[in-house]
Amino acid sequence: MTVLRRIGLALFAPVLAVVVAVVISSAVMAALQVDPLRVFAVMVDFGDTPGQQVTAIVVVLNRAVPLFLAGLAVAIAFRMGLFNIGVEGQYRLATILAAGVGAAVALPGPLHVLLIVVVAMAVAAIWAGIVAVLKVTRGVSEVISSIMLNVIALGIASYLLTGPLRGSPEGASIISTAEIPESGWMPGLNAVFGAIGLATPPRQLYGFLVVAVVVGAVIAVLLNRTRFGFDLRAAGLSPSAASASGVDSRGMVIKTMLLSGAVAGLIGMPDLLGSTHAYTTDFTSGLGFLGIAVALLGRNKPIGIALGALLFAFLDRSLVPLQIQDFPASVVTIIQGTIVLAVVVANELARRVARRSAERGSAPAAVAGDGSTGPGQAASGAASTGGAADGGEGTGAGVSRTAGAGQRTDERQETGA
């Protein structure tokens, strides 16, 4: 398969999803007697002055950083066919405990920030590890257990915020933990704008952007260039075949969920270390669920997830300009919802296109023959190549069907069928 064809197949699903979402959203807005062209014009308007434009870019980037981390956390589990629906609870519980620890200690700047980040990663990893242990020991679906643990995590966070970790006075309209000392703040990146000759915005660009880029690069290398990543994808495609090859599938479930949870613990760090410096009742919520849509749109690849995070951040930033122009804010919700629906359909179409392309590519080898039966070899090759075309990057359901088909074909060949 040529490089251009690979790039085309990779871009087919997200581009199709965005186009379909725009078309459907435009039709809905027209039905509501809202001019879609005016809506889109307001959404892409970043202001008239350089200062306004740079500020709008900072807002988008600051929103994209936690969305990118949320998408990575979800994608790690997706690559093994697991659904970590508990990212929401994992990062909320991790953030409040990290805020409590950060406010209770006094350390030199880098060590203070490092301690807060490590605590957040550890708490979220342990919370995700509960899901993994329940799955491998009792066979509990990770979807059910992670959803239930979300409710428990939010309940614990609420108790801690109004009880042991409360730092705001009685009667305050917004309840918060104690503020983290300045040594635990992460510096912003606004100096970059001045260095390249742009106007310095009044809002700080999160310094955690650098950490997010590094995390994305590490995860990309880990999943695609290491033995761990190969074992993870193999165990997701076919646990029985992976076990026969010496891969501990049960152990991989635990390792994958721990890694996914550790990344989830970073989601709240950009806001905590960059702006709020405390966990409050109005702390950013819903990022865990948005991460699922971002991961699907990015096809579980860090670069794709980054682009998906920027798109969703751009949509979120559009809420305020739309409200100022008296347009319904639900327009953004409609667009986000249609993107989620369209990306599921588009991913399935892209998977079928890749599978048919793989089948056509494997057909000549089956006809030529190598001592095995042609039909059996063709079926097995199609199943295995189809899985490789997805790269273990689809949703759990799609990967399971491919893996199951390949496994049943192997069993028929072993029994002489």
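Let's start with a count: there are 5 salt bridges here. Keep in mind that this is a predicted model. Side chains of opposite charge can pair when their charged atoms come close. I'll take you through some of these pairs.

First up, aspartate 316 and arginine 63. Their closest N and O atoms sit 2.8 Å apart. Where are the two residues? Aspartate 316 belongs to helix α14, residues 302-317, and arginine 63 belongs to helix α3, residues 50-78. The two are 253 residues apart in sequence, so this salt bridge ties together distant parts of the chain. Now look at the cover. Aspartate 316 has a relative accessible area of 15%, so aspartate 316 is buried. Arginine 63 comes out at 22%, so arginine 63 is partly exposed. The cut-off for buried is under 20%.

Next pair: arginine 92 and glutamate 88. Here the closest N and O atoms are 3.1 Å apart. Both residues are in helix α4, residues 87-104. They are 4 residues apart, which means about one helical turn lies between them. Buried or exposed? Arginine 92 is buried, and glutamate 88 is buried too.

Now glutamate 170 and arginine 166. This salt bridge has its closest N and O atoms 4.0 Å apart. The cut-off is within 4 Å. Glutamate 170 has 69% relative accessibility, so glutamate 170 counts as exposed. Arginine 166 has 24%, so arginine 166 is partly exposed.

On to a helix. Please find α11, residues 249-264. How far apart should its ends be? Take 16 residues at 1.5 Å a residue, and the expected span is 22 Å. The end C-alpha atoms are 22 Å apart, so the model agrees with that.

How many of the α11 residues are buried? The count is 12 of 16, so this helix is mostly covered. Among the buried ones are Met252, Val253, Met257 and Leu259. Small residues are on the list as well, including Gly251, Gly261 and Ala262. What covers them? The cover includes α3, α4, α5, α8, α9 and α10. We met α3 with arginine 63, and α4 with arginine 92.

Last stop: the surface. Leu4, Ile7, Leu11, Val15, Val19 and Val23 form a nonpolar patch there. Together they have about 570 Å² of accessible area. Pick out valine 15, in helix α1, residues 3-31. Valine 15 has 45% relative accessibility, so valine 15 counts as partly exposed.

That's my tour. Thanks for listening.

Definitions and conventions:
Residues are numbered from 1 along each chain as its sequence is written. This is a predicted model: local features need pLDDT of at least 70, side-chain atom pairs count only at pLDDT 80 or more; totals for chains, interfaces and linings use all residues. Side-chain values use heavy atoms; hydrogens and water are left out. Patches are made of residues with over 30% relative accessible area and no salt bridge: like charges are joined within 9 Å, nonpolar side chains (Val, Leu, Ile, Met, Phe, Trp, Tyr) within 5 Å. Accessible areas come from the Shrake-Rupley method with a 1.4 Å probe; for residues, only the protein chains shown count as cover. A salt bridge is a side-chain nitrogen of Lys or Arg within 4 Å of a carboxyl oxygen of Asp or Glu. Buried means under 20% relative accessible area, exposed over 50%, partly exposed in between (1.4 Å probe, protein chains only). The expected span of a helix is 1.5 Å times one less than its number of residues. Contact means heavy atoms within 4.5 Å.
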